[in-house]
Structure formats: structure tokens, C-alpha cells
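I opened this entry to look up the cysteines first, and the fold and surface after them. What follows is kept in the order in which I checked it.

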Amino acid sequence: TCQICNQENVYLHADHIKPFADFPELRLEISNGRALCVPCHYYITFKRGMKIGKLWGHLKSVTA
């Protein structure tokens, strides 16, 4: 289940809550991680919505 939109039964990405680039010491901390669906992870990363058909992260796309 995506921790932002609560969508179930979708491909999930592991996301660092505090960015790895800024907090390298938290890279392997379970408490600094969350599961996000591809569109939510894209939005968190790039601060914009993912277009339909866009491929990102292990070639997963948004279909609707």
C-alpha cells in the first residue's frame, strides 16, 4: 500500500523520507523509509505530476 495515496496492489518504490543525498547516515535506517507507488514517488522526487505513459523507476509507467 502506498503510504501517501493508500493505493493497493500496485508496484511500489522504496523512498527515503529524509533524502539520502542530505542524510547519508540514514541510508539503511528502516524508520527513514516508506513505500510509495510510482506516481507518488515521482511527485515527491520532482515536485510535479507524472504524465500518462511516462516511464520512470525500473520502467514502470502511469496508466491512468
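For the cysteines I took a disulfide to be a pair of cysteine sulfur atoms within 2.5 Å. The model I am reading is a predicted one, and with that cut-off the structure holds 0 disulfides.

I then asked which cysteine sulfur is nearest to that of Cys-37. I found that the nearest one belongs to Cys-40, at 3.6 Å, and that Cys-37 takes part in no disulfide. Looking from the other side, I noted that the closest cysteine sulfur to that of Cys-40 is in Cys-37, and that the 3.6 Å between them is too far for a bond, because a disulfide needs the two sulfur atoms within 2.5 Å.

Are these two cysteines buried or exposed? I have Cys-37 at 2% relative accessibility, which counts as buried, and Cys-40 at 13%, which also counts as buried, since the cut-off for burial is under 20% relative accessible area. For the protein chain as a whole, I recorded that buried residues make up 19% of its 64 residues.

Turning to the fold, I counted 1 helix and 4 strands in the protein chain, and reading along the sequence I wrote down the pattern β-β-α-β-β. Among the contacts in the protein chain with a separation of 6 or more, I noted that 36% come from residues 24 or more positions apart.

Last, I looked up the accessible surface of the protein chain, which comes to about 4900 Å², and I noted that 55% of this area belongs to carbon and sulfur atoms.

Technical notes:
Residues are numbered from 1 along each chain as its sequence is written. This is a predicted model: local features need pLDDT of at least 70, side-chain atom pairs count only at pLDDT 80 or more; totals for chains, interfaces and linings use all residues. Side-chain values use heavy atoms; hydrogens and water are left out. Helices (H or I, at least four residues) and strands (E, at least two) are DSSP runs, numbered from the N terminus. Buried means under 20% relative accessible area, exposed over 50%, partly exposed in between (1.4 Å probe, protein chains only). Contact means heavy atoms within 4.5 Å. Accessible areas come from the Shrake-Rupley method with a 1.4 Å probe; for residues, only the protein chains shown count as cover.
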